[in-house]
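Dear colleague,

I am passing on to you the structure shown below, together with its sequence. Please have it open while you read the notes that come after it.

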Amino acid sequence: MATARQVLCLCAFLSLPHARAEPIRYSVAEESESGSVVANVAEDAGLAPAQLSARRARLLSEDGRQHLRLEPGTGRLVVAERLDREELCGQSATCTLPFELLLANPVQFFRVEVGVEDINDHAPVFPEERVTLKIPETSNPGSRFPLQGARDLDVGSNSIQAYSIAPESKYFGINLGSQIKGKKYVELVLEKPLDREEKAEMDFSLIAVDGGSPPRSGTTQIHIVILDVNDNAPIFSQELYVGQVLENAPEGSVVLRVVATDRDAGVNGDISYQISQAGDQSYSAFTIDPMSGEIKLTKPLDFETAENHELSVQATDGGGLSGICRVLVEVVDVNDNAPELVVSSFSSPIPEDALPGTVVALFTVRDRDSGSNGKISCGLEDQQSFSLRPAYKNYFELVTVSALDREETARYILTVTAADTGSPPLTTTHTFTVDISDVNDNAPVFNQTSYTMYVRENNVPTVLVGTVGAVDADMGPNAKVTYSLIPAHPTQQPSCSCISVNSENGDVFVLRPLDYEQVRQIEVMVSASDAGSPPLSTNVTICLVVVDENDNAPLVLYPSQDSSSPSSELVPVMAEAGYLITKVVAVDADSGQNSWLSYHLLRASDPGLFVVGAQSGEVRLRRSVTERDAVKQKLVVLVRDNGQPPLSATAAMSALLLSDFSDMRLPHSSLTTEDEGSSLTIYLIISLVFVSLLFLVSTATFITHKVCKRKELKDGHVLYGASNLQSSLADGAAAGTLPHAYCYEISLTTGSGNSEFKFLKPILPSLPPQLHATGGGTNSEQSFPCGTLTAEDAAPDNPGMLSAEQFNSLSFN
């Protein structure tokens with residue numbers, strides 16, 4: 001409790017300009033009753049009574065005892081317990097109770113000293129009720145006989161002032177003198193020669209009177225025995241003996257030896273020694289050998305209690321004569337007290353944003369030893385963030401010297417060592433455990449710089465596609481992270497409503513089914529915010545990639561399947577094996593392997609006559625045409641994608657085997673007879689003429705373009721826009737899903753007689769760098785912008801090519 005009362009005492013020294021240089025002094029009589037008013041300390045300190053409570057005023061004393069208390073309502077200083085000056089200060093001439101009036105908020109203190117005034121509450125007391133003195137009748141007038149004086153615990157004017165004899169004696173008087181250190185002694189003085197024959201014994205009272213009002217007195221009986229003929233008293237070799245002894249000297253140690261001599265012989269020359277002490281009890285620590293005069297210790301001494309002891313030694317011979325000498329024993333201090341460290345103020349925890357110089361603790365150090373044994377130095381062990389700073393006298397402040405970071409160090413164990421300069425030195429250590437409280441100085445940090453998540457198209461609603469995670473180095477509410485969606489750019493509208501993030505754990509959900517053919521990827525921004533004040537946040541980008549599913553069947557572009565009767569291809573009977581009859585052109589709205597198409601001959605009038613390129617879709621003759629082959633051949637080609645499970649479409653067509661295009665006749669419905677053959681011959685002739693004219697026109701156009709646009713023809717690029725082709729394929733698109741525009745390219749190789757028309761795959765939008773970096777995608781297909789395929793890439797053996805003649809005969813209805 002004493003330490004707790006002192007905790008705030010040194011807070012006053014945090015700002016010395018707020019402290020009074022001189023203390024406020026009061027006085028109070030001892031034995032004052034509890035509750036007695038000493039003074040109005042608030043008025044003397046210039047404070048209003050209301051300030052005392054508001055600023056949490058307290059009284060703090062060094063020893064921790066509350067002899068006085070403060071009335072917060074009135075500001076009066078009153079006695080808390082009965083004051084006994086003799087108990088508090090002993091025989092000290094002055095008795096002062098120092099303490100501090102501490103105001104905690106803001107910190108201010110006033111030094112106050114209350115002097116306890118002595119009252120005459122103790123009467124003089126003699127150590128013995130009866131004293132017998134043996135005085136030779138040969139004693140001369142003026143002889144002095146020491147007496148043990150009375151002891152009065154009061155001081156000053158209330159102490160013993162005079163001695164008297166009652167009844168008055170014509171033989172003796174009293175002499176009052178002063179010893180070393182101002183102590184008084186009393187002697188009985190012979191004023192008239194004695195005559196044992198006239199009067200052998202005398203009795204009277206010795207009265208000691210103090211100076212109090214009213215005065216108090218003490219009495220002892222003096223019995224005088226007059227001895228016969230011993231006219232030499234013992235004489236000491238010195239009037240004053242001075243000796244020194246270490247305070248840690250053991251019991252029985254010899255302090256010094258006094259020596260007295262007597263010129264008488266026999267019993268009158270035998271000397272015995274005894275210690276006589278008036279006024280205090282110091283003699284209780286010493287004893288003297290009555291024969292040798294050696295003064296020894298009866299108990300250990302304490303320098304901190306008394307630095308010296310004054311004794312009176314009396315030597316008495318066998319005839320009753322005596323002599324007195326003074327003995328001063330000086331106690332030599334040894335380093336037997338370790339420093340004391342008393343904490344007056346300690347603040348823990350402290351915020352991590354506390355400025356350098358913030359006071360964490362205030363403490364005082366003291367050592368009860370003296371000299372070099374009482375000089376103290378303080379040090380802080382192995383610490384770079386804190387230091388010690390002298391505050392006032394023996395007060396020190398523990399302060400911060402650098403910025404603190406709770407995330408780096410949440411607790412400091414500080415050891416303060418106080419050491420004196422004695423030999424050997426004594427030390428005391430005290431440990432301060434300083435906790436660092438958190439402030440919101442760290443924003444959440446995601447475990448990735450960006451996230452790429454994948455979801456298959458046609459997903460179920462509220463499907464979990466991934467989780468974002470962020471951690472905050474702070475603690476408590478400052479580390480509680482919540483997630484939310486924000487626009488990827490400040491000017492954008494709120495994030496896509498099809499994506500949601502769980503605010504607690506960062507789970508990312510897709511709320512509704514997505515269609516790969518409508519949207520390939522979605523980019524959103526997720527913000528992670530902590531619960532600090534003010535909150536800190538960090539954003540991260542999520543790229544949601546839609547993975548294609550095989551949900552679109554192939555769409556046959558050529559030959560057109562919309563007409564009631566399949567298209568017919570003309571094949572000369574002299575054609576050799578490998579002759580290109582036609583090419584099946586199909587597309588798939590899916591991507592990756594789901595759009596990889598393969599072609600297979602499903603049915604044919606003569607399966608052994610035809611072969612279909614699995615990758616190119618080219619329909620060719622497997623063997624040469626013979627006379628046994630039917631003129632009209634029907635084929636069904638199966639187009640199948642590479643999805644799981646695969647989807648497919650069929651293309652129906654027919655081939656006419658003609659020996660001469662002049663024999664072509666109509667109708668196509670019946671070519672099994674000669675009449676039908678004649679009609680077909682006529683139609684073939686007409687078609688041949690039309691094709692020839694178309695060829696001439698095309699040749700002239702080609703030459704004209706080659707001359708006018710030589711540079712473009714050298715590059716070999718003719719771009720057929722998606723918008724034009726889309727208008728031609730409007731009917732065909734109705735049969736399948738074509739959500740995006742397609743771009744097709746005609747590559748004409750210079751000097752080639754077999755230039756071909758190539759249908760390219762749908763041009764995909766360029767994926768963001770994140771997708772390429774993470775390997776997003778299900779195949780090695782690379783998307784190209786329109787017009788990037790070179791003439792060399794369109795070689796005749798490339799799959800997916802259509803001859804120029806066949807292209808001229810195409811009909812996109």
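The following paragraphs set out what was found, beginning with the whole protein and moving on to particular residues.

Please note that this is a predicted model.

Overall composition

The protein has 813 residues, of which 43% count as buried. Its secondary structure comes to 10 helices and 54 strands. Among the contacts with a separation of 6 or more, 68% are made by residues 24 or more positions apart. The protein exposes about 40,800 Å², and carbon and sulfur atoms supply 52% of that area.

Salt bridges

A search of the whole structure finds 14 salt bridges. Several of them are described here.

One of the pairs is R25 and E113, whose closest N and O atoms are 3.4 Å apart. R25 lies in strand 1 (residues 24-29) and E113 in strand 7 (residues 108-117), so this salt bridge ties together parts that are 88 residues apart in sequence. The two partners may also be described by their accessibility: R25 counts as exposed, at 53% relative accessibility, whereas E113 is partly exposed, with a relative accessible area of 22%.

A further salt bridge joins the side chains of E340 and R366, at 3.0 Å from N to O. This pair links distant parts of the chain, with E340 in strand 24 (residues 340-346) and R366 in strand 26 (residues 359-366), 26 residues apart. E340 counts as partly exposed at 31% relative accessibility, and R366 counts as partly exposed at 30%.

R623 and D606 also form a salt bridge, with their closest N and O atoms 2.8 Å apart. Here the partners lie in loops: R623 is in the one between strand 47 (618-621) and strand 48 (632-641), and D606 is in the one between strand 45 (597-604) and strand 46 (610-612). The pair links distant parts of the chain, 17 residues apart. R623 is partly exposed, with a relative accessible area of 28%, and D606 is partly exposed, with a value of 22%.

In addition, salt bridges that share partners join R406, E407 and D438 into one network.

A nonpolar surface patch

Which residues make the nonpolar surface patch of about 500 Å²? The patch is made by I685, V689, L693, F695 and L696. I685 is placed in helix 5 (residues 674-708). With a relative accessible area of 37%, I685 is partly exposed; patches are made of residues with over 30% relative accessible area, so I685 meets that cut-off.

Yours faithfully

How values were computed. Residues are numbered from 1 along each chain as its sequence is written. This is a predicted model: local features need pLDDT of at least 70, side-chain atom pairs count only at pLDDT 80 or more; totals for chains, interfaces and linings use all residues. Side-chain values use heavy atoms; hydrogens and water are left out. Patches are made of residues with over 30% relative accessible area and no salt bridge: like charges are joined within 9 Å, nonpolar side chains (Val, Leu, Ile, Met, Phe, Trp, Tyr) within 5 Å. Accessible areas come from the Shrake-Rupley method with a 1.4 Å probe; for residues, only the protein chains shown count as cover. A salt bridge is a side-chain nitrogen of Lys or Arg within 4 Å of a carboxyl oxygen of Asp or Glu. Helices (H or I, at least four residues) and strands (E, at least two) are DSSP runs, numbered from the N terminus. Buried means under 20% relative accessible area, exposed over 50%, partly exposed in between (1.4 Å probe, protein chains only). Contact means heavy atoms within 4.5 Å.
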